[in-house]
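Q: I am a first-year student learning to read protein models, and I would like a careful look at a single part of this one. Could you take me through the chosen helix and then follow its contacts outward to the parts around it?

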Amino acid sequence: MTLEQVAEARLPTEFAEFRLRVYLADGKEHLAITLGTLAGEPPPLVRVHSECLTGDALFSLRCDCGFQLEHALQRIASEKRGALVYLRQEGRGIGLANKIRAYELQDRGADTVEANAHLGFGPDLRDYGLAVAILKDLGVTRLRLLTNNPRKLNALTGGGLTVTERVAIECGRNPHNEGYLTTKAGKLGHLLKPEG
């Protein structure tokens, strides 16, 4: 994998004024949204977020992705330091069209893992090696990781980063995504509290 930073600019938002860096890898453009100095102690708060057009941009209630994205940027802004790595791995790596096909299967009763299997995909095809490379390029070697996904945690530590704390991120639970969250916990091992 070849990783190259190809652009950088200010990103003023309602939460804070971030720096936005664009990285090119494997023919896709990925983002690093940063605030403050990332080196040194205490370790910065980091979120590795995979693209979800429906949740992040179209306000879908079928998942918790858009809620997590907004919450992560708010948390980083409140700490005045941290990074959000935005990976272009739509639909857990199956792409937008296949994700919408999976949605149709879910509308007929399949859960998200069953829908992926019906389409010929594994439950989660994402690769976090790119996040490791981007974080190292940003000078991050020690971090606090904002995630519920133990696979993400293992990938970052396996890539040579030191995760000093896993920070839970639970937000956006609603009647439209309750089954999705139950499947994430039950079949994908995400560390989520039961409803209630």
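A: Asp107 counts as exposed because its relative accessibility is 57%, and exposed means over 50%. The model in which this value was computed is a predicted one. Asp107 forms a salt bridge with Arg62, and the closest N and O atoms of the pair are 3.0 Å apart. Asp107 lies in helix H4, while Arg62 lies in the loop between H1 and helix H2 (65-79), so this pair ties together parts that are 45 residues apart in sequence. Arg62 is partly exposed, because its relative accessible area is 24%. As background, side chains of opposite charge can pair when their charged atoms come close.

Helix H4 itself covers residues 96-107, which makes 12 residues, and from its first C-alpha to its last it reaches 16 Å, close to the 16 Å expected at 1.5 Å a residue. The buried residues of this helix are Asn98, Lys99, Ala102, Tyr103 and Leu105. Seen down the axis of H4, these buried residues fall within an arc of 160°, so they line one face of the helix. Asn98 is a useful residue to pause on, and its place is in helix H4. Asn98 counts as buried because its relative accessibility is 18%, and buried means under 20%. The side chain of Asn98 also makes a polar contact with the side chain of Arg101, at 2.8 Å.

Helix H4 can also be followed to the surface. Leu53, Leu58, Leu96 and Ile100 make a nonpolar surface patch of about 330 Å². Leu53 belongs to helix H1, which spans residues 53-57, and with a relative accessibility of 35% Leu53 counts as partly exposed. Just before this helix, Glu51 is found in the loop between strand S4 (45-50) and H1. Glu51 is buried, because its relative accessible area is 17%. The C-alpha atoms of Glu51 and Gly158, which are 107 residues apart along the chain, are separated by 22 Å. A second pair can be read in the same manner: the C-alpha atoms of Ala32 and Thr54, 22 residues apart along the chain, are separated by 20 Å. Ala32 lies in strand S3, residues 28-35, and at 0% relative accessibility Ala32 counts as buried.

The loop between H1 and H2, where Arg62 lies, is also the place of Phe59. The phi of Phe59 is near 65°, a positive value in a residue other than glycine, and Phe59 is exposed, with a relative accessible area of 70%. Most residues other than glycine have a negative phi, and most peptide bonds are trans. Arg92 also has a positive phi, near 55°, in a residue other than glycine. Arg92 sits in helix H3, residues 90-93, and is buried, with a relative accessible area of 9%. As for peptide bonds, the one from Glu41 to Pro42 is cis, with omega near -5°, and Pro42 lies in the loop between S3 and S4.

From that loop the path can be taken on to helix H2 and its charged residues. The count of salt bridges comes to 13, and one of them joins Arg75 to Glu79, with the closest N and O atoms 3.7 Å apart. Arg75 and Glu79 both lie in helix H2, four residues apart, which is about one turn of the helix. Arg75 is partly exposed, with a relative accessible area of 24%, and Glu79 is partly exposed as well, with a relative accessible area of 30%. Glu79 also forms a salt bridge with Arg144, and here the closest N and O atoms are 2.9 Å apart. Arg144 lies in strand S6 (residues 142-146) and Glu79 in helix H2, so the pair ties together parts that are 65 residues apart in sequence. Arg144 is buried, because its relative accessible area is 15%. Taken together, Arg75, Glu79, Arg144 and Glu165 are linked in a network of salt bridges.

One further helix end completes the walk. Asn149 caps the N-terminal end of helix H7 (residues 150-158), where a side-chain oxygen lies 2.9 Å from the backbone nitrogen of Arg151. H7 is followed by Gly160, whose phi is positive, near 100°.

Key
Residues are numbered from 1 along each chain as its sequence is written. This is a predicted model: local features need pLDDT of at least 70, side-chain atom pairs count only at pLDDT 80 or more; totals for chains, interfaces and linings use all residues. Side-chain values use heavy atoms; hydrogens and water are left out. A polar contact is a pair of N or O atoms within 3.5 Å; within protein, one must be able to donate a hydrogen and the other to accept it, and residues adjacent in sequence count only if both atoms are side-chain atoms. Helices (H or I, at least four residues) and strands (E, at least two) are DSSP runs, numbered from the N terminus. Patches are made of residues with over 30% relative accessible area and no salt bridge: like charges are joined within 9 Å, nonpolar side chains (Val, Leu, Ile, Met, Phe, Trp, Tyr) within 5 Å. Accessible areas come from the Shrake-Rupley method with a 1.4 Å probe; for residues, only the protein chains shown count as cover. A salt bridge is a side-chain nitrogen of Lys or Arg within 4 Å of a carboxyl oxygen of Asp or Glu. Buried means under 20% relative accessible area, exposed over 50%, partly exposed in between (1.4 Å probe, protein chains only). The expected span of a helix is 1.5 Å times one less than its number of residues. The arc is that of the directions from the helix axis to the C-beta atoms.
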